[in-house]
Amino acid sequence: MFEEYLEETEYVDYSNPNIKELANTLREQSEDEISLIKNTYHYVRDKTHHPYDIQDKRVTVTASDVLKEGVGICWAKSNLLAALLRANGIPSGFSYQKLTLGGSPETGYCIHSLNTVYIPSLKKWVRLDARGNTKDIQAEFSLTEEKLCFKADIKGEIDYHDNHPAPDKKLMRILKENNDAFELCFYNMPDSLEYYE
């Protein structure tokens, strides 16, 4: 049932030595499964940065890219969180939201990525958003209620509440084709997913 959510892929490349080392360190620093998931989430959320937040133009794609460079937009940071969790045998997937770019339908829409995580001891899936916090954006680790970066509550926005074992191919293709994070975030953000086209 969970095999697909534990697979290594091109983007969730958890056999990379740096991913394995960090996954082992996080496991050693954790008391139990839930603290491991929480510590892993906090690492990706807080120790890797969204390019826009730190004015960094680098574009990363794979989990190992994000770890090496320390930056990634939400699509790439989701790859890292999934890789670190899967390296420790915790099923993780991908979920998406369609959001306005500037807070109103007139500004257009983009796709935001977050992770699904299965908590074996609780026998349930939760969603975690490791985009990275700012003064205006706050996501937290929670097992009871979702505390995501964004709520899809403006006209045209959609929270898909989906759970995919692999990142959307269209989004990964866009990451590969871009080399400037600012241009990507301002001009090349899609408003749809291959999953739903």
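# A guided tour from Glu-194

Begin by selecting Glu-194, which is partly exposed, with a relative accessible area of 33%. Before going further, keep in mind that everything on this tour belongs to a predicted model.

With Glu-194 still on screen, add Arg-173, because the side chains of these two residues meet in a salt bridge with an N to O distance of 3.6 Å. This pair links distant parts of the chain, since Arg-173 belongs to helix H6 (residues 169-177) while Glu-194 sits in the segment after helix H7 (181-187), 21 residues apart. Arg-173, with 40% relative accessibility, also counts as partly exposed.

**Along helix H6**

Stay with helix H6 and select Lys-169, which lies in this helix. Lys-169 has a relative accessible area of 58% and is therefore exposed, as the cut-off for that word is over 50%. If you draw a distance from the C-alpha of Lys-169 to the C-alpha of Val-59, you will find 16 Å in space between two residues that are 110 residues apart in sequence.

Next, show helix H5 (residues 74-87) together with H6, and look at how the two pack at an angle of about 110°, with their axes 10 Å apart. That angle makes H5 roughly perpendicular to H6, and the crossing by which H5 passes H6 is left-handed. To see where they touch, select Trp-75, Ala-76 and Asn-79 in H5, which meet Leu-171, Met-172, Ile-174 and Leu-175 in H6. Sorted by kind, the residues of this contact comprise six nonpolar, one polar and no charged.

**Helices H1 and H2**

Move now to helix H1 (residues 17-28) and helix H2 (residues 33-47), which pack at an angle of about 130° with their axes 9 Å apart. H1 and H2 are therefore oblique to each other, and H1 passes H2 in a right-handed crossing. On the H1 side, the contact is made by Leu-22, Leu-26 and Arg-27, and on the H2 side by Leu-36, Asn-39, Thr-40 and Tyr-43. Here the residues of the contact between H1 and H2 divide into four nonpolar, two polar and one charged.

**Around Phe-141**

Select Phe-141 next, which has its place in the loop between S3 and S4. Is Phe-141 buried or exposed? Its relative accessible area is 16%, and Phe-141 is buried, since that word covers values under 20%. Leaving aside the neighbours within four places in sequence, you can display the residues in contact with Phe-141, namely Ile-34, Ile-37, Lys-38, Tyr-41, His-42 and Leu-128. Ala-130 can be added as a further landmark, eleven residues from Phe-141 in sequence and 9.2 Å away in space, C-alpha to C-alpha.

**Further salt bridges**

A search of the whole structure finds eleven salt bridges, and several stops are worth making among them. Select Arg-131 and Asp-53, whose side chains meet in a salt bridge at 2.7 Å, N to O. This pair, too, links distant parts of the chain, for Arg-131 is in the loop between strand S3 (124-128) and strand S4 (158-159) and Asp-53 is in helix H3 (residues 51-54), 78 residues apart. Of the two, Arg-131 is buried, with a relative accessible area of 7%, whereas Asp-53 is partly exposed, with 33%.

Then select Asp-159 and Arg-127, where the side chains meet in a salt bridge of 2.7 Å, N to O. The two residues are 32 residues apart and join distant parts of the chain, with Asp-159 in strand S4 and Arg-127 in strand S3. Arg-127 is buried, at a relative accessible area of 8%. For a group that goes beyond a pair, select Arg-45, Asp-46 and Glu-140, which are linked in a network of salt bridges.

**Two loop residues with positive phi**

The last stop concerns the backbone. Most residues other than glycine have a negative phi. Against that background, select Lys-123, which is not a glycine and yet has a positive phi of about 55°. Lys-123 is placed in the loop between strand S2 (109-119) and S3, and Lys-123 is exposed, with a relative accessible area of 65%.

Finish at His-161, which is likewise not a glycine but has a positive phi of about 50°. His-161 is found in the loop between S4 and H6, where it is exposed, with a relative accessible area of 55%.

Technical notes
Residues numbered from 1 in each chain as written. Predicted model: local features only at pLDDT ≥ 70, side-chain atom pairs only at ≥ 80, totals over all residues. Heavy atoms only, no water. Salt bridge = Lys/Arg side-chain N within 4 Å of Asp/Glu carboxyl O. Helix = DSSP H or I, 4+ residues; strand = E, 2+ residues; numbered from the N terminus. Buried < 20%, exposed > 50% of the residue type's maximum accessible area, 1.4 Å probe, protein only. Axes fitted to C-alpha atoms, helices over the stretch in contact; angles between N-to-C directions. Parallel < 35°, antiparallel > 145°, perpendicular 65-115°, else oblique. Left-handed = near helix turned anticlockwise from the far one by under 90°. Contact = heavy atoms within 4.5 Å. Nonpolar A, V, L, I, M, F, W, Y, C, P; charged D, E, K, R; others polar.
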